[in-house]
Amino acid sequence: MVGKSLQSRKLIESPFMTFQIGNKQFTLVTIHAITKAMQPETEIKYLKFMPSLYPDKLLIFSGDFNLPSSHTVFNPLKSMGWKSILEHQKTSLKQECTSSDCLASEFDNVFYPHKSISLIKSGVIYFYKSFPSLKEARSISDHVPIFMEFSLN
């Protein structure tokens, strides 16, 4: 049962935003998990309870998970029908680029219920390439924006 731990309360209190397109709705649940050193899986593991807590909502989970989508903590969601929009795509910026590689880790992603949503397009925006230096880009964000274009089934 969800409820007693601090991590689960924080997750359940994450911002929810419900959008309507025509007569169809979806709810975006955003999360910024604790850092990798603090074991973000201790928070992320509670996502699997949210579909049963909110059975009337079409949930899309989005955010900085501080773990790659291949981590086993996402397996329960995946077995329930959620897919990630990015696979093997780094989204956080390094402190310094090595050659032309400026991305460090696969932390940001979106998980969507593939039976209810059709993914049209997804990706990252390499905004840092528009800056004279990575340091200047990092003053805006240490992550690249990610995006998803989809239709509701």
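Q: Buried means under 20% relative accessible area, right, so on which side of that does Leu 77 fall, buried or exposed?
A: This is a predicted model, and in it Leu 77 has a relative accessibility of 3%. The cut-off for buried is under 20%, so Leu 77 counts as buried.

Q: Where is Leu 77, and what is it in contact with?
A: Leu 77 sits in helix 4. If you skip the neighbours within four places in sequence, Leu 77 is in contact with Leu 47, Lys 48, Phe 61 and Trp 82.

Q: How far is the Leu 77 C-alpha from that of Thr 27?
A: Those two C-alpha atoms are separated by 16 Å, with the residues 50 apart along the chain.

Q: OK, what about Ser 69, where is that one?
A: Ser 69 is in the loop between strand 3 (59-64) and helix 4 (75-79).

Q: Is Ser 69 buried or exposed?
A: Buried: the relative accessible area of Ser 69 is 4%.

Q: Which side chain does Ser 69 have a polar contact with?
A: That of Glu 87, and the polar contact between the two side chains is 3.4 Å. Glu 87 is also one of the residues in contact with Ser 69 once neighbours within four places in sequence are left aside; the others are Phe 74, Lys 78, Ser 84, Leu 86, Glu 106, Asn 109 and Phe 111.

Q: Switching to the nonpolar core, which residues touch the most other members in the largest one?
A: The largest nonpolar core has 20 residues, and the ones touching the most other members are Ile 60, Ile 85, Leu 93, Ile 117, Tyr 128, Val 144 and Met 148.

Q: Which elements supply at least two residues of this core?
A: Strand 2 (24-32), strand 6 (101-103), strand 7 (108-113), strand 8 (117-124), helix 5 (134-138) and strand 9 (146-152) each do. There's another core lying apart from that one, with 15 residues, including Val 29, Ile 31, Met 50 and Phe 74.

Q: What is Val 144 in contact with?
A: Not counting neighbours within four places in sequence, Val 144 is in contact with Lys 90, Thr 91, Leu 93, Leu 103, Val 124, Ile 125, Phe 127 and Tyr 128.

Q: Now the sheet: in what order do the five strands of the open sheet come?
A: The order is 1-2-3-7-4, and the pairing is mixed. Strand 1 (16-21) and strand 4 (82-84) are the edge strands, each pairing on one side only. From one strand to the next, the twist averages 20°.

Q: How do strand 2 and strand 3 pair, parallel or antiparallel?
A: Parallel, over six bridges. One bridge joins His 32 to Asp 64 in strand 3.

Q: And strand 5 with strand 6?
A: That pair is antiparallel, over two bridges. Thr 98 has Asp 101 in strand 6 as its bridge partner. The two strands form a hairpin with two residues between them, and Ser 99 in the turn has a positive phi of about 55°.

Q: Why mention a positive phi?
A: Because most residues other than glycine have a negative phi. Ser 99 is not a glycine, and at 81% relative accessibility it counts as exposed.

Q: What about the phi of Gln 39?
A: Gln 39 isn't a glycine either, and its phi is positive at about 65°. Gln 39 lies in the loop between strand 2 and helix 2 (41-44). At 45% relative accessibility, Gln 39 counts as partly exposed.

Technical notes. Residues numbered from 1 in each chain as written. Predicted model: local features only at pLDDT ≥ 70, side-chain atom pairs only at ≥ 80, totals over all residues. Heavy atoms only, no water. Helix = DSSP H or I, 4+ residues; strand = E, 2+ residues; numbered from the N terminus. Buried < 20%, exposed > 50% of the residue type's maximum accessible area, 1.4 Å probe, protein only. Polar contact = N/O pair within 3.5 Å; in protein donor to acceptor, adjacent residues only side chain to side chain. Contact = heavy atoms within 4.5 Å. Core = buried A, V, L, I, M, F, W, Y, C linked by side-chain atoms within 4.5 Å. Pairing = 2+ DSSP bridges. Axes fitted to C-alpha atoms, helices over the stretch in contact; angles between N-to-C directions.
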